[in-house]
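With the model open in your viewer, please follow the stops below in order, selecting each residue or element as it is named.

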Amino acid sequence: MSRRPSASRRLADSASIPFVSALHPKVRRSPLLLGTVVVGTLLVLGYLYHSSGSRSDIAALNRYDGRVSCTQELPALIPILKKTYGDTMRKVLHVGPESCSVVPLLLEDSDIEAWGIEPYELDDTDNKCKSLVQKGIVRVADIKFPLPYRSKSFSLVIVSDAVDYLSPKYLNRSVPELARVSSDGLVILSGYPSQRKAKVAELPKFGRPAKYRTYSWWLRFFIQTNLEENEVATKKFEQTAAKKSYRSSCQIFHLKSSLH
């Protein structure tokens, strides 16, 4: 199991944006030149916005509650999971906020079928997300209750930014249920106790403040709920992560699927 903190990335300063210096008020330019620069800048920014796709949507998660989002790590984590689970990573269910962005990220691999569950109400959604929901690829479902899938419907279930908002009462139901719908493994991303709790403004969305639990707490919980660590996947994941110099800011647990 992985317990490795990482430093957050910094945004580039405005000097890295094309043509910004040409728009400085102290630099005199002809109206024609200024118009050309403005149009060119808008085109470049538009290209960057559209080409960033779901990755930029996921990166925006760090504004949720002032902490590092585990879902934000998925663009870097998914290639490592592919190496870890190999051909068994063929039908994947992501559970957590921004599933509408994670699912297209998974579908970039033509060998992967992907679905998602948004555990919280969707407030402002774009057309892509609405389309995924209408097609049933992404569902809005409260994970405190039984999932709308048969047992072993997916080869791998990935959970991020979801279990930290559940009380032990609901965790006892939800985590075994997540294991039930997987056939080859369950991957849980959870925050560290040192990370900040949700702001008061976010409580209506999540229902309760985040409760970040220790590594030892999770181990006891898995034993109590008859969930077994996938030692083979854990070892392979750690080896692959080390080769790629990947250091997670979240706790990552690899569990075996439910035997039932």
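Select Asn-226 to begin, keeping in mind that the model is a predicted one. Asn-226 is exposed, with a relative accessible area of 72%, and since the cut-off for calling a residue exposed is over 50%, that value places Asn-226 in the exposed class. If you colour the neighbouring elements, you will find Asn-226 in the loop that runs between helix 7 (215-224) and helix 8 (231-243). Its backbone also deserves a look, for the phi of Asn-226 is near 60°, a positive value in a residue other than glycine.

Next, go to Ser-245, which lies in the loop between helix 8 and strand 7 (251-255). Is Ser-245 buried or exposed? Ser-245 is exposed, its relative accessible area being 61%. Here too the backbone has a positive phi, about 55°, although Ser-245 is not a glycine.

For the last stop, show helix 2 (residues 74-85) together with helix 3 (residues 99-107), which pack at an angle of about 40° with their axes 11 Å apart. Because of that angle, helix 2 is oblique to helix 3, and the crossing of the two helices is right-handed. To see where helix 2 and helix 3 touch, display the side chains of Leu-74, Pro-75 and Ile-78 in helix 2, which meet Val-102, Leu-105 and Leu-106 in helix 3. Sorted by class, this contact of helix 2 with helix 3 holds six nonpolar residues, with no polar and no charged ones.

Key: Residues numbered from 1 in each chain as written. Predicted model: local features only at pLDDT ≥ 70, side-chain atom pairs only at ≥ 80, totals over all residues. Heavy atoms only, no water. Helix = DSSP H or I, 4+ residues; strand = E, 2+ residues; numbered from the N terminus. Buried < 20%, exposed > 50% of the residue type's maximum accessible area, 1.4 Å probe, protein only. Axes fitted to C-alpha atoms, helices over the stretch in contact; angles between N-to-C directions. Parallel < 35°, antiparallel > 145°, perpendicular 65-115°, else oblique. Left-handed = near helix turned anticlockwise from the far one by under 90°. Contact = heavy atoms within 4.5 Å. Nonpolar A, V, L, I, M, F, W, Y, C, P; charged D, E, K, R; others polar.
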